[in-house]
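Here are a few exercises to help you find your way around a new model. Try each task by yourself before you read the solution.

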Amino acid sequence: MEMSKWIAAVASIWIQCSCGASYAFGIYSPILKSSQSYDQSTLDTVSVFKDIGANAGIVSGLLYSAIASNRTRLSRFGIGPWLVYVAGAIQCFAGYFSMWLSVTARINRPPVPLMCLFMFMAAHAQTFFNTANVVIAVQNFPDYSGTIVGIMKGFLGLSGAVIIQLYQTLFNGNPSSFLLMLSLLPTTVSLSLMFMVRIYKINTGNDKKHLNRFSLVALLVAAYLMILIILKSIFPFPLWASVLTFLLLLMLLSSPLGIAIRAQTEDLWTLRTPLLDHHESTESQKFTPAEEPINANQEKPVSENHTPQIGEDTNLLQAMCTLNFWLLFIAMICGMGSGMATINNISQIGESLSYTATERSTLVSLWSIWNFLGRFGAGFVSDIFLHRQGWARPLFMTLTLGTLTVGHLFIASGFSGNLYIGTIVVGVCYGSQWSLMPTITSEIFGVLNMGAIFNTIAAASPVGTYILSVRVIGYIYDKEASQDDSCYGSHCFMMSFFICAGVSLFGSLVALLLFCRTRKFYTTVLIKRLRHCLRQ
C-alpha cells in the first residue's frame with residue numbers, strides 16, 4: 001500500500017482516538033485518591049496539573065516549528081515530525097506508568113509535587129500528538145482546513161469515550177489496570193503509525209468528497225457512542241455484550257482506511273488521465289512526500305525586521321506583537337475557560353439541583369458527544385460558508401460565543417431539566433472553539449509556525465478555567481454553602497453562571513472585533529487563494 005496524504009489522515013485519526021486519556025480522569029481518580037490518602041483538595045490540585053499539561057502545548061508547538069523551519073538540514077539525519085510523536089510517547093509512558101507504580105504500591109508513595117509532575121507529563125503528551133496531527137493535516141488539506149481540523153479535533157474529543165469503552169470491556173472495576181493501559185495504548189499506537197503521518201504535495205480537487213466521508217464516519221462513531229452510553233446507564237451489560245459492542249466500535253474506527261484507499265485510487269486515476277495533462281506534467285513532483293509546507297511563502301525565512309501581513313507566515317514572537325493574537329487569546333479565555341469551568345462543576349451543580357447520581361453521570365458521559373459535535377461541526381460548517389458565501393471564519397467564533405452565553409443562562413436559571421439543555425449548548429459551543437481557533441490561527445498567521453502559535457493561544461483555556469472555576473464558581477459556592485460545606489438550590493450557582501454568561505458575551509464582542517479586523521483579508525486574499533487552488 002503506497003503512502004499518501006489519505007493514509008496519513010487515517011493514521012492521525014487513529015492516534016487521536018487513542019491519546020485523549022486526560023478526558024478519562026474520572027475513571028482512575030478514586031483509586032488515585034484512596035491509594036495515596038489524598039483529600040479532595042489534594043486530588044483537585046493534581047487535576048489542575050492535568051488540565052495545565054493537556055492545554056499548555058507551547059513546547060510541542062516550538063518543537064514542531066523548529067523541525068519544520070530546519071527540515072532541509074534535519075532531513076539529512078532522518079529527523080522529521082516523527083520526533084514530535086516520540087517526545088509525546090516518552091512523556092505518556094513515563095507519566096501514566098509512574099502513576100500505575102504508585103497506586104499499585106510497587107514504589108513508595110511519592111510526594112504530592114512529584115505526583116503532580118507525573119500527571120503533568122501524562123497529560124502533556126497529548127499536546128505533542130495533537131500538534132503533529134493537526135498541523136500536518138492542515139498542510140495536507142489547505143483548501144479545507146476547517147473541515148480537517150474539525151475531524152482531528154472531533155476524534156480527539158471522542159477519544160475519552162472510546163478509551164472508556166475499551167476499559168469497560170477489558171478492565172471494568174480495575175482502575176489500576178486502566179492506568180497501565182493508558183501508559184501503553186497511546187505510546188504503542190503513536191510509535192507504530194508515526195512514520196505514516198507526513199506532508200504530501202498533491203491537490204487533485206477531489207478532497208472535499210472524501211473528507212465528507214471521513215466526516216460521516218465521525219458522526220456515526222459519535223452517534224454509536226451516545227447510544228452505548230445511554231443504554232449502559234439504563235441496562236447492565238454482560239461481558240459478551242461489552243465485547244460485541246466494542247468490536248462494532250473498532251469496525252467503525254477502521255472504516256476510514258477503506259475511504260483512504262478509495263481516495264488514493266481516485267487521485268492516482270485523476271493524475272494519470274489524459275484530460276488533465278497539466279497534472280500529468282508534474283505528477284511525479286506532486287506525489288513525492290516531502291517534509292515541507294505547501295505554500296510557497298513557507299520556503300522563505302521571515303526576516304526579523306519584516307512585519308508580516310495577515311496571512312503571511314509569522315513566528316510566535318511576531319504573532320504575539322499583533323492585536324489579532326491577543327484578541328484570539330482573550331476570546332479563548334472567555335469561551336474555553338467558561339466551558340471548562342462548567343464541565344468541572346457539572347456534578348456538583350446537578351447535586352445542588354437534586355439530580356440523581358445516574359443523571360449526573362449521564363450528563364458527564366454525554367459531554368464528550370456534545371464536545372465532539374462542536375469540534376466537528378464548527379470546522380465543517382465554517383468551511384461551507386467560507387467557500388460558498390465568503391464568510392470570514394471569526395464570525396462563527398462570534399456566533400458560538402454568543403450562543404454560549406445563552407447556555408450559561410440556562411444553567412443559571414435552575415428550572416427543571418435545565419442542565420440537559422444547558423450542557424448541550426455549552427458543550428457544542430465549547431467544542432467549537434477547539435476547531436475554530438487553530439484554523440483561524442493557520443489562516444491569519446500562516447502554517448509554518450502554526451503549532452507554536454495555536455498552542456500558545458490554547459494556554460488561555462487553563463487560565464480562564466482557573467479564574468472562573470476556582471476564583472468565581474468555587475468562591476461563590478463556598479459563600480452560599482452551609483456549615484457542612486454543602487449547598488442545595490438554584491442560588492448555589494446562579495450568580496456564578498450569570499458571571500460566566502457575561503464573560504462569554506464579552507468574548508463574543510472581542511471575536512466580533514477580530515472579525516471586523518480580518519474581514520477584508522478573508523474576502524480578498526483568502527477567497528482568491530481558495531478559488532485558485534480549486535481551479536488547479
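**Exercise 1: a serine and its surroundings**

Ser 508 is buried, with a relative accessible area of 8%. Keep in mind that this is a predicted model.

Task: find which helix holds Ser 508, and which residues Ser 508 touches beyond those up to four places away in sequence.

Solution. Start with the helix: Ser 508 sits in H21, which covers residues 491-535. Next, check the burial: the cut-off for buried is under 20% relative accessible area, and Ser 508 has 8%, so it counts as buried. Last, look at the contacts: leaving out residues up to four places away in sequence, Ser 508 touches Thr 398, Leu 401 and Gly 402.

**Exercise 2: cysteines, paired and unpaired**

Task: work out how many disulfides there are, and why Cys 19 does not bond with Cys 92.

Solution. A disulfide is a covalent bond between the sulfur atoms of two cysteines. The rule used here asks for sulfur atoms within 2.5 Å.

- Step one: Cys 487 and Cys 492 pass, with their sulfur atoms 2.0 Å apart.
- Step two: the count comes to one disulfide.
- Step three: look at the twist. The angle about the S-S bond is -95 degrees, and the link of Cys 487 and Cys 492 is left-handed.
- Step four: check both partners for burial. Cys 487 is buried at 5% relative accessible area, and Cys 492 is buried too, at 0%.
- Step five: turn to Cys 19. Its closest cysteine sulfur is in Cys 92, but that is 8.5 Å away, too far for a bond. Cys 19 is buried, at 5%.
- Step six: add Cys 116, which is buried with a relative accessible area of 4%.

**Exercise 3: a greasy spot on the surface**

Task: which residues make the nonpolar surface patch of about 450 Å², and is Ile 227 buried, partly exposed or exposed?

Solution. First list the members: Ile 227, Ile 230, Leu 231, Ile 234 and Phe 235. Then place one of them: Ile 227 belongs to helix H10, residues 207-234. Now the exposure: Ile 227 has 48% relative accessibility, so it counts as partly exposed. For the spacing, recall that an α-helix has 3.6 residues a turn, so residues three or four places apart point the same way.

**Exercise 4: checking a helix length**

Task: what is the span of helix H6, and what is the phi of Ala 105 like?

Solution. H6 runs over residues 82-103, which makes 22 residues. From first C-alpha to last, H6 reaches 32 Å, close to the 32 Å expected at 1.5 Å a residue. After H6 comes Ala 105, whose phi is positive, near 60 degrees.

Terms used. Residues are numbered from 1 along each chain as its sequence is written. This is a predicted model: local features need pLDDT of at least 70, side-chain atom pairs count only at pLDDT 80 or more; totals for chains, interfaces and linings use all residues. Side-chain values use heavy atoms; hydrogens and water are left out. Patches are made of residues with over 30% relative accessible area and no salt bridge: like charges are joined within 9 Å, nonpolar side chains (Val, Leu, Ile, Met, Phe, Trp, Tyr) within 5 Å. Accessible areas come from the Shrake-Rupley method with a 1.4 Å probe; for residues, only the protein chains shown count as cover. A salt bridge is a side-chain nitrogen of Lys or Arg within 4 Å of a carboxyl oxygen of Asp or Glu. Helices (H or I, at least four residues) and strands (E, at least two) are DSSP runs, numbered from the N terminus. Buried means under 20% relative accessible area, exposed over 50%, partly exposed in between (1.4 Å probe, protein chains only). Contact means heavy atoms within 4.5 Å. The expected span of a helix is 1.5 Å times one less than its number of residues.
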